[in-house]
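Colleague: I'm new to this one, so could you take me through a single part of it, the aromatic residues and the core around them? Take your time and keep it friendly.

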Amino acid sequence: MQHYIPATKGHAGEGERIHLLANEPHFATREGGWYSDKGVSNSTKQKYLNWLQQQYNNISDLNQAYGTQYSNFAQARDGLTIPIAKSLQGGPIWYDWCKFNMARVTEWFSFLKRNVQQHDPQAKVTIKLLGWIMSSEWRDHGIDIEALAKLQDVMGSDF
């Protein structure tokens, strides 16, 4: 961004600028979801482990919520396979994964916004969200509609 944003700003003149952070973002993780068979990175898996540790006081609390017998949080992390089974929807493992996935995606867009506005402080940002996401029964896509609505300076969607 340090090269792209200043160049764009220079060509745009002094008028109002809006940077599109993403066009129809999607981070599907459920079985059968769009590109979910690509899995997630080791970095994401480590972030998930850290997130679980922050959510639960100890592994016993997680086991009680999940109905499992993990001996540590690494086993809980490794016990979740991506793509996540649709049969888990409605349960605590599904819920935790979806909350984590939304948090990591919101963190990514927050990073993008900070960096765009670092190089173009007067610019506004938007995200073109897929319209069907707002009414979908699935929440594995990582899109926290409320958090991303608050993050954007100009709302964007694709209905």
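Modeller: Happy to, and do keep in mind that this is a predicted model. Let's start at Tyr56, which is buried because its relative accessible area is 14%, under the 20% cut-off. Tyr66 is buried too, with a relative accessible area of 11%.

Now look at how those two tyrosines meet. A pair of aromatic rings is described by the distance of the centres and the angle of the planes. For Tyr56 and Tyr66, the ring centres are 6.0 Å apart and the planes sit at 80°, so this pair is edge-to-face. Tyr56 is in the loop between H2 and H3, while Tyr66 belongs to helix H3, and the pair links distant parts of the chain, with their positions 10 residues apart. The count of aromatic pairs comes to 7.

Another of these pairs is Trp97 with Phe100. Their ring centres are 5.2 Å apart and the planes are at 50°; that angle is neither under 30 nor over 60 degrees, so the pair is tilted. Trp97 and Phe100 are both in helix H5, and because they are 3 residues apart there, about one helical turn separates them. Trp97 is buried, at a relative accessible area of 2%, and Phe100 counts as buried at 3%. If you widen the view a little, Trp97 and Phe100 join Tyr48 and Trp51 in one aromatic cluster.

That brings us to the core. The largest nonpolar core has 20 residues, and Tyr48, Leu52, Leu62, Tyr66, Phe73, Leu80 and Trp97 are the ones touching the most other members. Helices H2 (42–55), H3 (59–66), H4 (73–79) and H5 (92–119) each give two or more residues to this core. H5 supplies the largest share, with 5 residues.

Leu62 is a good place to zoom in. Setting aside neighbours within four places in sequence, Leu62 is in contact with Leu52, Tyr56, Thr68, Tyr70, Phe73 and Ala76. So our starting residue, Tyr56, turns up again as one of the contacts of Leu62. Apart from the largest core there is another one, of 15 residues, including Ile5, Val105, Phe109 and Leu112.

Before you go, here are two backbone details to find on screen. Ile82 and Pro83 are joined by a cis peptide bond, with omega about 10°, and Pro83 lies in the loop between H4 and H5. Glu24 isn't a glycine, yet it has a positive phi of about 55°. You'll find Glu24 in the loop between strand E1 (18–23) and H2, where it counts as partly exposed at 28% relative accessibility.

Definitions and conventions
Residues are numbered from 1 along each chain as its sequence is written. This is a predicted model: local features need pLDDT of at least 70, side-chain atom pairs count only at pLDDT 80 or more; totals for chains, interfaces and linings use all residues. Side-chain values use heavy atoms; hydrogens and water are left out. A nonpolar core is a set of buried Ala, Val, Leu, Ile, Met, Phe, Trp, Tyr and Cys residues joined through side-chain atoms within 4.5 Å. Buried means under 20% relative accessible area, exposed over 50%, partly exposed in between (1.4 Å probe, protein chains only). Helices (H or I, at least four residues) and strands (E, at least two) are DSSP runs, numbered from the N terminus. Contact means heavy atoms within 4.5 Å. Rings of Phe, Tyr and Trp (its six-membered ring) pair if their centres lie within 6.5 Å; planes under 30 degrees apart count as stacked, over 60 as edge-to-face and the rest as tilted.
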